[in-house]
Amino acid sequence: MQVPSFSLKKQLSEIGPELNSAILKVIESGHYIGGLEVEKFEKSFAENISVNHAIGCNSGTDALILALRALNIGYGDEVITPSFSFFATAEAISNVGARPVFVDVDPNNYLLDLNLIKEAITSSTKAILPVHLFGYPVNMDKVLVLAKENNLRVIEDCAQAVGSTWGGKPVGSIGDLGCFSFFPTKNLGASGDGGAVTTNDSELAVRVRELAVHGMPKRYFHTDLGYNSRLDAIQAAVLNVKLPFLFRWINKRKKIAQRYQVLLRDLPNLELPLDTREDENIHSWNQFVIRVRSSPTNNTKIYENNLSLDLKKIYEELPNSYSRDCLKKNLLSNGINTIIYYPIPIHLQPAYKKLNYKYTTLKNTEILCSEVLSLPIFPELSEKEQDYVVNTIIQSI
Ligand SMILES: *Cc1c(COP(=O)(O)O)cnc(C)c1O
């Protein structure tokens, strides 16, 4: 049996014809930039996230850049964020001229360790940028208290967490700004790139909207150096078809996650992700990430020894010494695709190594990168496929 780590193909039997006619309608309308589909999507997305404003843009990465720029974060400023995330989180901070200050993650939930934030704050710190990684919501109550006490702004990276909630509120509605991605593998995936910024602050919303269109409040009148970052009308039309299915799809993800939790429990060396707690928080399960505990190798040392090598070499040399990589290989040879989110922490990527920043220890981040493995999870994954994944894991561990 072949099991992909992710697939949008099966979705087509449900919404294929609708997608077809929605896309054709945009093409026939001649309205490719902006227009009704984009307006409709921004309005319904804002409703879903319980915010006053949602502004479509070209990608999740751009959403982060626009949010940072809207808060006037730039040269000389510092932004606190995790190194255990997709590269774009830190890249956006660096690309507006600011500096990411990496704080280690909590080994229990893999999210920014909020107990370490205070000591990372300096007079240059402008914002906290937590990531709701894999769909698991960050404790936003704590983030807001820290931000208030230290006069910091909060940008939520919700790229993997559309549909997650903290304290009854959708992520992206809690900080100053929320940043979403509609990259195809996210819970709400377009048929290409797309993103959105959410906020309750009308001034910030205007700022984001202007920055996304060349810093242009009026036609051909530019008050800022902005970007060309719009949500395409065709992508908006695709998202308008998909949005009504979002919570149904997330419920399917939840069922799959709960099944994995039951079927994989109590296996030696295998740590399962935290489930949503008894309280009202919702995990939207963009990924189901297990942790394969390695024998006590010094992961950090191995990374450090390899820093001057190119990435390919790192990939070639790191695997096999880890039980995680053995498991991954074994699953692959049985037709099961898994993905490692993320094999190398951001601060150890060559792009950041060469900046020579000093970091506090990011040990949990480094160890996690060598032990995590994302199992197949998508709404259409069948029980039969899941059982096959589970049984193959049980046999290989
Ligand atoms: C996907 C992702 C992004 C970037 O989104 P794009 O739409 O691919 O630009 C940013 N942050 C995180 C955590 C992501 O997973």
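This is a short conversation about reading a ligand site and one asparagine in a predicted model.

Colleague: Happy to look at this with you. Where does the ligand sit?

Modeller: Let's begin with the pocket and then go to the contacts. Here the ligand sits in the largest pocket. Two elements give two or more residues each to the shell around the ligand, namely α3 (60-70) and α4 (88-95).

Colleague: How many residues surround the ligand, and which are the closest?

Modeller: The shell has 16 residues, and the closest are Gly60, Thr61, Gln160, Ser181 and Lys186. By type, the shell divides into six nonpolar, eight polar and two charged residues.

Colleague: Which polar side-chain atom lies 2.5 Å from an oxygen atom of the ligand?

Modeller: For polar contacts, we look for pairs of N or O atoms within 3.5 Å. That polar atom belongs to the side chain of threonine 61. In lysine 186, a side-chain N or O atom is 2.6 Å from a ligand oxygen, and for glutamine 160 the corresponding distance is 2.8 Å. On its own the ligand has 380 Å² of accessible area, and the protein covers 93% of that.

Colleague: Now asparagine 281, please: is it buried or exposed?

Modeller: The idea is to compare relative accessibility with a cut-off: under 20% is buried. Asparagine 281 counts as buried because its relative accessibility is 6%.

Colleague: Where is asparagine 281 placed, and what lies 2.6 Å from a polar atom of its side chain?

Modeller: Asparagine 281 is in the loop between β10 (270-271) and β11 (288-292). The partner at 2.6 Å from its side chain is the backbone nitrogen of glycine 167.

Notes
Residues numbered from 1 in each chain as written. Predicted model: local features only at pLDDT ≥ 70, side-chain atom pairs only at ≥ 80, totals over all residues. Heavy atoms only, no water. Helix = DSSP H or I, 4+ residues; strand = E, 2+ residues; numbered from the N terminus. Buried < 20%, exposed > 50% of the residue type's maximum accessible area, 1.4 Å probe, protein only. Polar contact = N/O pair within 3.5 Å; in protein donor to acceptor, adjacent residues only side chain to side chain. Near = heavy atom within 4 Å. Areas by Shrake-Rupley, 256 points an atom, 1.4 Å probe, with all protein chains shown as cover. 1 Å grid on protein atoms, 1.4 Å probe; cavity = no way out; pocket = protein on both sides within 12 Å on 5 of 7 lines; lining within 4 Å. Sits in = over half its atoms within 2 Å of the grid points. Nonpolar A, V, L, I, M, F, W, Y, C, P; charged D, E, K, R; others polar.
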